[in-house]
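Reader: Hi! I am in my first year and still learning to read structures. Please pick one part, take a close look at it with me, and then show me what else is worth finding.

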Amino acid sequence: SVEFEVPIELFTYWDTVATARETYRAKIQTYFSGETHSYDASTMSEIVGRWLEHIEAGMARAITFGSHGHGDDGTSGIPPSYFSYDVTEWELNGLKNKVGLPLANPKALTVGRFPLFLEGPTRYLKTVNKDKSAVSDMYNKVKVSGLRDEDLKMYYVSASLEGQSYDMGRMMAFSPG
């Protein structure tokens with residue numbers, strides 16, 4: 001896969017959100033109080049609006065990163081389905097896991113890109129299904145991509161995985177297409 005450094009502001013956001021999630025999970029692991037909170041419509045609208053802004057920014061960033069694989073330079077404009085993340089800098093935190101191995105806090109990441117999978121544009125289409133222009137545009141991009149078998153007039157589940165590492169996971173065990 002081709003890798004890009006994760007910008008510090010995105011890393012900081014990821015680290016903050018991941019830490020909050022881990023703290024919450026640890027807090028409710030053995031006991032969940034059932035305590036609830038009420039919010040007025042205006043407050044909920046603001047919260048959901050911020051969530052949607054983050055989701056839309058992430059989708060736009062994913063399309064910008066693109067995909068990368070055999071015959072794919074990453075500029076198709078088709079949303080990728082998968083990324084990998086590698087920790088490139090870390091700091092040992094003095095803790096150990098259940099088998100005694102040292103634990104570390106990540107300080108920097110790279111994001112890796114993979115070939116296209118049909119899942120990415122399919123999920124994207126669910127978000128723009130009322131925008132006929134966006135649907136048509138994505139359809140046309142997929143139609144001329146490595147996801148299309150022109151001879152059979154059918155679509156592949158993924159573009160060619162040629163040259164990918166087995167670290168990609170179980171998808172490498174299946175026949176092409």
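Author: Let's start with Lys153, which is exposed, because its relative accessible area is 52% (buried means under 20%, exposed over 50%, and partly exposed in between, with a 1.4 Å probe and protein chains only). Keep in mind that this is a predicted model, in which local features need pLDDT of at least 70 and side-chain atom pairs count only at pLDDT 80 or more, while totals for chains, interfaces and linings use all residues. Residues are numbered from 1 along each chain as its sequence is written, and side-chain values use heavy atoms, leaving out hydrogens and water.

Where does Lys153 lie? You will find Lys153 in the loop between β4 (148-149) and β5 (154-155); helices (H or I, at least four residues) and strands (E, at least two) are DSSP runs, numbered from the N terminus. Most residues other than glycine have a negative phi. Lys153, however, has a positive phi, near 55 degrees.

Now follow the side chain of Lys153 to its partner. Lys153 and Glu150 form a salt bridge, their closest N and O atoms being 2.8 Å apart (the term means a side-chain nitrogen of Lys or Arg within 4 Å of a carboxyl oxygen of Asp or Glu). Glu150 also meets Arg148 in a salt bridge, at 3.5 Å from N to O. Arg148, Glu150 and Lys153 are thus linked in a network of salt bridges. How covered is each partner of Lys153 in that network? Glu150 is partly exposed, at 41% relative accessibility, whereas Arg148 is buried, at 14%.

The structure holds four salt bridges, so there is another one to visit. In helix α4 (residues 132-143), Lys141 and Asp137 sit four residues apart, about one turn of the helix. Their side chains meet in a salt bridge of 3.2 Å, N to O. Both ends are partly exposed: Lys141 has a relative accessibility of 27%, and Asp137 has 38%.

From charges, let's turn to nonpolar side chains on the surface. Val48, Trp51, Leu52 and Ile55 form a nonpolar patch there, with about 390 Å² of accessible area together. Such a patch takes residues with over 30% relative accessible area and no salt bridge, joining nonpolar side chains (Val, Leu, Ile, Met, Phe, Trp, Tyr) within 5 Å and like charges within 9 Å; accessible areas come from the Shrake-Rupley method with a 1.4 Å probe, and for residues only the protein chains shown count as cover. One member, Ile55, belongs to helix α2 and is partly exposed, at 47%.

Finally, look for Trp90 in strand β2. Trp90 counts as exposed, with a relative accessibility of 54%. Its C-alpha atom is separated by 32 Å from that of Ile47, and the two residues are 43 apart along the chain.

To go back to where we began, the loop between β4 and β5 holds Lys153, and Glu150 is the residue that meets both Lys153 and Arg148 in salt bridges.
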